[in-house]
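Colleague: I should be grateful for a close look at the surroundings of the bound ligand in this model. Please take me through them in one connected account.

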Amino acid sequence: MSAQLLEGRTIAGKIKEDLKKEIEALSKSKGAVPRLVSIQAGENAASAVYIKSQKKNAENLGIEYMLETLDSNITQDSLLDLIEGLNKDKGVSGIIVQLPLPKGIDHRVVMSAISPEKDAEGMHPENLGRVLLGDATLAPCTASAAMELIKSAGVKLYGKEATIVGHSEIVGKPLSMLLLNKFVTTCVCHIATGERGLLPEHVKHAEILVVAVGKAGLVKGDWIKQGAVVIDVGINRVGDKIVGDVEFDAAKERASFITPVPGGVGPLTVTMLMKNVVAAFKMQHELK
Ligand code: NAD
């Protein structure tokens, strides 16, 4: 039987409805709405698409959105000064710095300079530490999006076997912690797993499979366990099409739930960013 699709847009729609109501209520009670400041240094086509989506989503929800566009020859010190100013500005609820940054700027230093309370992407070391401890308010957006999609499948997580392929700081590593916090037995695979030829073995027993690599069709359909929940984070351009990392057509015949690419994780990632901005605003106003 063919898998049920986990449509990111549908799940995002419900979260956005709640956020919109919450922002309206905050506007009435606090006389202010959350404000997200996005910093882009230099030009990048992928960032430009993400910025457009951030702006549209923010405006639809009633979040103020400001874009700071910087020259590609900005120095790290000037960028840090700008962030320091935004950290101090009580009118700014969230800050996001678009990656990649121009050559010569250390993204770790920049991410760490954002106040943990204004860290819209949940990538500050303090927030990543909170993910590990299981009490994060601001968690990395793509990992949270994958987690929302898994939850939306409605399967009991406790004791499940999960495999994550990809151990990046933005997806695989934080997601492994989010799953462990729900008592999911979690295996994280990466390039060395692939090089040893062990990927099929780890994928084959996964009841929950998340793939975030960036290689079209890396995970073969016949590796998927019958009834698995499959979350494909990958975005790959093949000719004029966007595809994921999992062989979708074959995988959907074995999975119980599967995300389409595009239309799965992507729409939810930006929604989780908006959710973080609202959570940041509430923290700064000492609201629960
Ligand atoms: P990354 O490039 O930082 O890391 C890739 C990971 O894949 C690493 O852990 C690497 O070890 C692993 N890997 C590479 N080759 C492998 C192989 N042959 N076998 C097993 N593991 C292998 O990844 P990232 O930034 O997390 O992005 C991964 C993919 O997810 C990309 O396609 C990216 O565009 C996409 N992405 C989507 C969203 C979204 O919102 N939908 C957000 C972030 C990233």
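Modeller: I begin with a side chain: in this predicted model, a polar side-chain atom of K215 lies 2.9 Å from a nitrogen atom of the ligand. Backbone atoms take part as well. A backbone N or O atom of H190 is placed 3.3 Å from a nitrogen atom of the ligand, and a backbone N or O atom of V233 is found 3.5 Å from an oxygen atom of the ligand. On its own the ligand has 860 Å² of accessible area, of which the protein covers 74%.

The shell around the ligand consists of 22 residues, and the closest are H167, S168, I191, K215 and T269. By character, 11 residues of this shell are nonpolar, 10 are polar and one is charged. Two helices, α8 (191-195) and α11 (265-284), each supply at least two residues of the shell. The largest share, three residues, comes from α11.

Helix α11 also leads to another part of the fold, since the buried residues of α6 pack against α11. Further partners of those buried residues are α1 (8-30), α7 (172-180), β7 (208-211) and β8 (229-232). Helix α6 is mostly covered, with 10 of its 12 residues buried; among them are C141, S144, M147, E148 and I150. At 1.5 Å a residue, the 12 residues of α6 (residues 141-152) should span 16 Å, and its end C-alpha atoms are indeed 16 Å apart, so the two values agree. Just after α6, G154 adopts a positive phi of about 80°.

Note on methods:
Residues are numbered from 1 along each chain as its sequence is written. This is a predicted model: local features need pLDDT of at least 70, side-chain atom pairs count only at pLDDT 80 or more; totals for chains, interfaces and linings use all residues. Side-chain values use heavy atoms; hydrogens and water are left out. A residue is near a molecule or strand if one of its heavy atoms lies within 4 Å of it. A polar contact is a pair of N or O atoms within 3.5 Å; within protein, one must be able to donate a hydrogen and the other to accept it, and residues adjacent in sequence count only if both atoms are side-chain atoms. Accessible areas come from the Shrake-Rupley method with a 1.4 Å probe; for residues, only the protein chains shown count as cover. Helices (H or I, at least four residues) and strands (E, at least two) are DSSP runs, numbered from the N terminus. Ala, Val, Leu, Ile, Met, Phe, Trp, Tyr, Cys and Pro count as nonpolar, Asp, Glu, Lys and Arg as charged, and the others, Gly among them, as polar. The expected span of a helix is 1.5 Å times one less than its number of residues. Buried means under 20% relative accessible area, exposed over 50%, partly exposed in between (1.4 Å probe, protein chains only). Contact means heavy atoms within 4.5 Å.
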